[in-house]
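Biologist: I've got this model open and I want to know what earns each label its place. Can you take me through the reasoning?

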Amino acid sequence: MSKLTKNQKMVMAKYDAAKEYKLAEACEVVKDITFTKFDASVELSVNLGVDPRKANQMVRGVVTLPNGTGKQTRVLVLCTPDKETEAKEAGADFVGLDEFIDKIKGGWTDVDVIICTPSVMAKVGAIGRILGPRGLMPNPKTGTVTMEIGKAVKEVKAGKIDFKVDKTGIVHAAIGKASFTAQQIFENAQELLSAIMKLKPQTLKGTYLKGVSICTTMSPGVRVDIKSFGSAE
């Protein structure tokens with residue numbers, strides 16, 4: 001058996017892996033057990049009792065985190081020339097259409113969010129096989145296909161994220177950075193959990209919220225007591 005590192009010993013002394021912490025307390029613990037030299041991301045994992053294979057149990061939504069994500073979100077806007085000025089003034093990092101579609105076809109996907117107008121969806125659809133697996137495909141449900149380009153860009157830059165349950169029934173979402181205060185992490189986590197709770201499928205029978213944990217990029221997960229922020233049923 002390999003010896004524990006100094007950091008691993010410090011982590012073990014600061015929290016109980018088997019314990020379920022109240023949400024606010026878990027946000028404090030996850031900061032205490034993070035020892036990376038870089039500003040690690042904080043991720044919330046929510047295990048849901050849904051079957052993602054059923055269309056009426058697909059949990060997907062958007063939420064604006066009150067304290068942002070702590071990340072510089074790179075936004076590409078695909079639009080016609082009449083919308084370019086609006087996109088640039090709102091803070092979009094890249095604005096255009098055909099030239100960026102060609103770049104994406106060539107393998108370029110160095111962005112975090114792509115926003116487009118409905119009129120260019122036919123062209124964007126042609127690169128759907130590239131964007132889809134990377135989670136970059138614009139979607140009206142997440143507000144990334146819209147005529148209100150400026151508003152959409154500002155919301156994304158301010159901390160708006162979209163989330164989606166994966167094939168195993170878990171929602172993973174980055175909700176901040178280790179440099180955030182515990183209170184900021186708590187507020188962001190609470191906002192995301194509230195949004196997920198509101199999306200409970202009406203057809204679901206049994207437990208909706210099965211488990212929640214919070215961690216940073218290289219820390220172990222801290223289990224959260226789901227009774228500390230809402231009903232699991």
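Modeller: Sure. Two strands count as paired if DSSP finds at least two bridges between them. Keep in mind that this is a predicted model.

Biologist: What makes β3 and β5 a pair?

Modeller: Strand β3 (residues 75–78) and β5 are joined by four bridges, in the parallel sense. The cut-off is at least two bridges, so they pair. As for a bridge partner, V77 has I115 in β5.

Biologist: Which sheet do they belong to?

Modeller: An open one of three strands, ordered β4-β3-β5, with parallel pairing. Neighbouring strands there are turned by 15° against each other on average, direction ignored.

Biologist: Why do β4 and β5 stand at the edges?

Modeller: β4 (94–96) and β5 (113–116) each have a single partner strand, so one side of each lacks a neighbour in the sheet.

Biologist: What packs on that sheet?

Modeller: Helix α4 (residues 98–105) does, touching β3, β4 and β5, and its direction makes about 115° with that of β4. Helix α7 (residues 149–158) packs on the sheet too, touching β3 and β5, with its direction at about 165° to that of β5.

Biologist: Now the helices. Why are α2 and α8 called oblique to each other?

Modeller: Helix α2 (residues 23–32) and helix α8 (residues 182–198) pack at an angle of about 130°, their axes 9 Å apart. Roughly perpendicular covers 65 to 115 degrees and roughly antiparallel means over 145. The angle of about 130° fits neither, so the pair is oblique. As for handedness, α2 passes α8 in a right-handed crossing.

Biologist: Which residues meet there?

Modeller: From α2, L23, A24, C27, E28 and K31; from α8, A182, I185, F186, A189, Q190 and L193. Sorted by type, the contact has eight nonpolar residues, one polar and two charged.

Biologist: How do you know that β1 and β8 pair?

Modeller: Strand β1 (residues 41–48) and strand β8 (residues 209–216) share seven bridges in the antiparallel sense. The requirement is at least two, so they qualify as a pair. One residue to look up is E43, which stands opposite C215 in β8.

Biologist: Where do β1 and β8 sit in their sheet?

Modeller: The order is β7-β1-β8-β9, in an open sheet of four strands with antiparallel pairing. β7 (170–177) and β9 (222–224) are the edge strands, each pairing on one side only. Neighbouring strands in this sheet are turned by 25° against each other on average, direction ignored.

Biologist: What makes G49 partly exposed?

Modeller: Its relative accessible area is 22%. Buried means under 20% and exposed means over 50%, so G49 falls in between and is partly exposed. G49 lies in the loop between β1 and β2 (60–64).

Biologist: What does G49 touch, leaving out residues up to four places away in sequence?

Modeller: L204, T207, Y208 and K210. As for G206, its C-alpha atom is separated from that of G49 by 7.5 Å, with their positions 157 residues apart along the chain.

Biologist: Which side chains of β2 are buried?

Modeller: G61 and V63, which point to one face, while R60, V62 and T64 point to the other and are not buried. That fits a general pattern: in a regular strand, side chains alternate between the two faces of the sheet.

Biologist: And how many bridges join β2 to β6?

Modeller: Five, with β2 and strand β6 (residues 160–164) running antiparallel. There, V63 stands opposite I161 in β6.

Conventions. Residues numbered from 1 in each chain as written. Predicted model: local features only at pLDDT ≥ 70, side-chain atom pairs only at ≥ 80, totals over all residues. Heavy atoms only, no water. Axes fitted to C-alpha atoms, helices over the stretch in contact; angles between N-to-C directions. Helix = DSSP H or I, 4+ residues; strand = E, 2+ residues; numbered from the N terminus. Parallel < 35°, antiparallel > 145°, perpendicular 65-115°, else oblique. Left-handed = near helix turned anticlockwise from the far one by under 90°. Contact = heavy atoms within 4.5 Å. Nonpolar A, V, L, I, M, F, W, Y, C, P; charged D, E, K, R; others polar. Buried < 20%, exposed > 50% of the residue type's maximum accessible area, 1.4 Å probe, protein only.
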